[in-house]
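Let's walk through this structure together, with the sequence beside you and the coordinates on screen.

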Amino acid sequence: MVKIEAIIRPQRLDEVKAALDDLGVSGMTVTEVRGSGKQKGLTQHYRGAEYTVNLLQKVKLEIVVAETEVDSLVNAIVTAARTGEIGDGKIFLIPVSGVVRIRTGERDADAV
C-alpha cells in the first residue's frame with residue numbers, strides 16, 4: 001500500500017476530487033495548509049502599504065491505495081491540478097506498512 005499526499009492549489013480541489021471520483025476513490029482526507037516553495041510568497045498592497053505573504057494557502061489530500069492504483073491516481077491528480085504555473089504543488093508517495101480500521105479491527109487491504 002502507498003499513501004499519496006498531494007499539495008495542490010485550493011481552487012483546483014473540485015477538479016481533483018472529480019477526477020478521483022471517476023477512478024472510484026472511496027476515501028480521502030483533505031486539509032487546509034499553508035506553505036512555501038519556489039513561489040516564495042506574494043507581495044500585495046493594502047491601503048497604500050506593501051506587505052509580503054510568505055506562506056500561501058494550499059490544500060493537502062491524503063489517500064491510501066494499493067500499489068497497482070498509484071500510477072493512475074497520480075496521473076489523474078497531475079492532470080486535474082496542473083495550471084502550468086509555479087505553485088501547482090507536489091505529490092509525495094509514502095510506503096504504508098499497515099492499516100487498521102478501528103471500528104471493525106479489519107487490517108491492511110480490507111481496512112482501506
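**Starting from one glycine**

G35 has a relative accessible area of 22%, so it counts as partly exposed. Keep in mind as you look at this residue that the model is predicted. A residue is called buried under 20% relative accessible area, and G35 at 22% is therefore placed in the partly exposed class. You will find G35 in strand 2. Across from G35, in strand 5, stands L56. If you set aside the neighbours within four places in sequence, the contacts of G35 are N54, L55 and L56.

From here we can widen the view to the strands around this glycine. Strand 2 and strand 5, the latter covering residues 56-65, run antiparallel and are joined by 7 bridges. They belong to an open sheet of 4 strands, whose order is 2-5-1-6 and whose pairing is antiparallel. Why is one side of strand 2 and of strand 6 left without a neighbour in the sheet? Strand 2 (29-35) and strand 6 (89-95) are at the edges and each has a single partner strand, so there is no neighbouring strand on one side of each. Going from one strand to the next, the twist averages 20°.

At one of those edges, strand 6 holds P95. This proline has a relative accessibility of 72%, and so it is classed as exposed. Its C-alpha lies 9.3 Å from that of V64, although P95 and V64 are 31 residues apart in sequence. For another pair to try on screen, take G35 and A80: they are 45 residues apart in sequence, and their C-alpha atoms are 21 Å apart in space.

Now add the helices. The protein has 2 helices and 6 strands, and from the N terminus its elements follow the pattern β-α-β-β-β-β-α-β. Helix 1, made of residues 13-22, lies across strand 1 (2-8), strand 2 and strand 5, and runs at about 10° to strand 5. Helix 2, residues 70-81, lies across strand 1, strand 5 and strand 6, with an angle of about 5° to strand 1.

What do these elements supply to the largest nonpolar core? That core has 20 residues, and I8, V16, L20, L61 and I77 have the most contacts inside it. At least two residues of the core come from each of strand 1, helix 1, strand 5 and helix 2. Helix 2 gives the most, with 7 residues. I77 is a good residue to select if you want to see the packing: leaving out residues up to four places away in sequence, I77 touches I4, A6, V16, L20, I63 and I91.

Finally, step back to the whole chain. Its radius of gyration is 17 Å, whereas a compact globule of 112 residues would have one near 13 Å. The C-alpha trace spans about 60 × 25 × 20 Å along its principal axes. Of the 112 residues, 27% are buried. The accessible surface comes to about 7,700 Å², and carbon and sulfur atoms account for 48% of it. As for how the chain meets itself, take the contacts between residues at least 6 apart in sequence: 70% of them join residues at least 24 apart.

Definitions and conventions: Residues are numbered from 1 along each chain as its sequence is written. This is a predicted model: local features need pLDDT of at least 70, side-chain atom pairs count only at pLDDT 80 or more; totals for chains, interfaces and linings use all residues. Side-chain values use heavy atoms; hydrogens and water are left out. Two strands pair if DSSP finds at least two bridges between them. Axes are lines fitted to C-alpha atoms, for helices over the stretch in contact, and angles run from 0 to 180 degrees between N-to-C directions. Contact means heavy atoms within 4.5 Å. The radius of gyration is taken over C-alpha atoms; the globule rule is 2.2 Å times the number of residues to the power 0.38. Buried means under 20% relative accessible area, exposed over 50%, partly exposed in between (1.4 Å probe, protein chains only). Accessible areas come from the Shrake-Rupley method with a 1.4 Å probe; for residues, only the protein chains shown count as cover. A nonpolar core is a set of buried Ala, Val, Leu, Ile, Met, Phe, Trp, Tyr and Cys residues joined through side-chain atoms within 4.5 Å.
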